[in-house]
Amino acid sequence: MNEIKIIRQNRKTLSLKVDKEGNIIVKAPRYVFKKTIDNFIEKNTSWIEKQREKKQNSILDPSKISEYKKEAKQIIIPRVQEFAQKYGFTYNSIKITSAMTRWGSCTSKKNLNFTYRLALAPERVRDYVIVHELCHLRQMNHSKKFWSEVASIMPDYKDQEKWLKENWATIS
Ligand SMILES: [Zn+2]
């Protein structure tokens, strides 16, 4: 999630910045009330949102998609192989797609697809999506059996699900 970082320094005015990750950085005079800072942030909410949008768009520059895909391949494929080997999954192929809303899928022909956007997610979330799709190689559904398979590999998978629900919108 995005954070608010307050830096106290010798200055007279408040200043506001949004960093690459969408965190808010406020530079504040040493003796200004926290409440004043909160009000300042609140007053600038729409500006902050605009900045965040801009940053997201620059991360996902469409002319760079093939570059992102190449990078994603280097991150995702070895990880899939690692999990598959460790837990004895066999698949046919892995493809990196540019799907917007689907982070992964598994076909009945045992082909695994992952969106390059997954490379932008935290490692643990990425691992979860990989584990999820690998488990579909054994269970092509979301049955109890499927979820217990997922849980046996990643007991805290629900935290990752939660992260995806809360943050995926900012990535896609
Ligand atoms: Zn699924």
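**Helix H4 and its neighbours in a predicted model**

Student: In this predicted model, does Glu149, at 18% relative accessibility, count as buried or exposed?

Tutor: The structure is a predicted model, and Glu149 has its place in helix H5. A residue is called buried when its relative accessible area is under 20%. Because the value for Glu149 is 18%, this residue counts as buried.

Student: Leaving aside its neighbours within four places in sequence, which residues is Glu149 in contact with?

Tutor: Contact here means that heavy atoms lie within 4.5 Å. When the neighbours within four places in sequence are left aside, the residues in contact with Glu149 are Cys135 and Arg138.

Student: How far apart are the end C-alpha atoms of helix H4, and what span should its 14 residues have?

Tutor: Helix H4 takes in residues 123-136, and the expected span follows from a rise of 1.5 Å a residue. For the 14 residues of H4 this gives a span of 20 Å, and the distance between the end C-alpha atoms agrees with it, because that distance is also 20 Å.

Student: How many of the residues of H4 are buried?

Tutor: The buried residues of H4 include Val125, Tyr128, Ile130 and Leu134, and also Arg126, Asp127 and Glu133. H4 is therefore described as mostly covered, under the cut-off of 20% relative accessible area. Of its 14 residues, the number buried is 12.

Student: At what angle do the axes of H4 and helix H5 cross, and what does that make H4 to H5?

Tutor: The axes of H4 and H5, the latter being residues 144-153, come within 9 Å and cross at roughly 135°. Angles over 145 degrees would count as roughly antiparallel, and those from 65 to 115 as roughly perpendicular, with the remaining range between these two being oblique. The crossing angle of roughly 135° therefore makes H4, relative to H5, oblique.

Student: Which residues of H5 make the contact with H4?

Tutor: On the side of H4, the contact is made by Tyr128, Val131, His132, Cys135 and His136. By class, the residues of this contact divide into 7 nonpolar, 2 polar and 1 charged. On the side of H5, the residues are Phe146, Trp147, Glu149, Val150 and Ile153.

Student: Is the crossing of helix H3 and H4 left-handed or right-handed?

Tutor: The axes of H3, which is residues 65-87, and H4 come within 10 Å and cross at roughly 55°, and that makes H3 oblique to H4. The residues in this contact include Ile76 and Phe83 of H3 and Ile130 and Leu134 of H4. The crossing of H3 and H4 is right-handed.

Conventions: Residues numbered from 1 in each chain as written. Predicted model: local features only at pLDDT ≥ 70, side-chain atom pairs only at ≥ 80, totals over all residues. Heavy atoms only, no water. Helix = DSSP H or I, 4+ residues; strand = E, 2+ residues; numbered from the N terminus. Expected span 1.5 Å × (residues − 1). Buried < 20%, exposed > 50% of the residue type's maximum accessible area, 1.4 Å probe, protein only. Axes fitted to C-alpha atoms, helices over the stretch in contact; angles between N-to-C directions. Parallel < 35°, antiparallel > 145°, perpendicular 65-115°, else oblique. Left-handed = near helix turned anticlockwise from the far one by under 90°. Nonpolar A, V, L, I, M, F, W, Y, C, P; charged D, E, K, R; others polar.
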